[in-house]
Amino acid sequence: MNLYSDDGAVLKAQATKVASNLENIPGVVDLNNGVIPAGDAINLRVLRDKAALEGLNPNAVKQPLNS
C-alpha cells in the first residue's frame, strides 16, 4: 500500500496512523510506515566524463558531501 500527499506533515501523520492500525491485525509482518525521521536524502549521479574534464573523479565529488 502506498500513500501520497503534497503535504508532508499530513502524509507523515496518516502514514503513522495507518501503520498503527495495520500492526494490530494478526498475521501482519514486516510493516514499514516509510517515515524517515533523519530527514531528506539525495541521490547523486556523477557523470564521469564531465567530472574528468574538470579534473575530478566520483570520490572527489562525494567526499565533501559526506562531511
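How much area does the protein expose, and what share of it do carbon and sulfur atoms supply? About 6200 Å² is exposed, with 52% coming from carbon and sulfur (Shrake-Rupley method, 1.4 Å probe). This is a predicted model, where local features need pLDDT of at least 70, side-chain atom pairs count only at pLDDT 80 or more, and totals for chains, interfaces and linings use all residues. Numbering starts from 1 along each chain as its sequence is written, and side-chain values use heavy atoms, leaving out hydrogens and water.

**View 1. The whole chain reads α-α-α.** There are three helices and zero strands here (DSSP runs: H or I of at least four residues for helices, E of at least two for strands, numbered from the N terminus). Just 4% of the 67 residues count as buried (under 20% relative accessible area; exposed is over 50%, partly exposed in between, 1.4 Å probe, protein chains only).

**View 2. Helix 1 covers residues 8-22.** Its 15 residues reach 21 Å from first C-alpha to last, close to the expected 21 Å (1.5 Å times one less than the number of residues). At the N-terminal end, Asp7 acts as the cap: one of its side-chain oxygens sits 3.1 Å from the backbone nitrogen of Ala9.

**View 3. Ala13 sits in helix 1.** Ala13 is partly exposed at 44% relative accessible area. Its C-alpha is 9.4 Å from that of Val35, 22 residues away in sequence.

**View 4. Ile25 lies in the loop between helix 1 and helix 2 (48-53).** Ile25 is partly exposed, at 42% relative accessible area. Together with Val28 and Leu31, Ile25 forms a nonpolar surface patch of about 220 Å² accessible area.

Definitions and conventions:
Polar contact = N/O pair within 3.5 Å; in protein donor to acceptor, adjacent residues only side chain to side chain. Patch = residues over 30% accessible without salt bridge, like charges linked within 9 Å, V, L, I, M, F, W, Y side chains within 5 Å. Salt bridge = Lys/Arg side-chain N within 4 Å of Asp/Glu carboxyl O.
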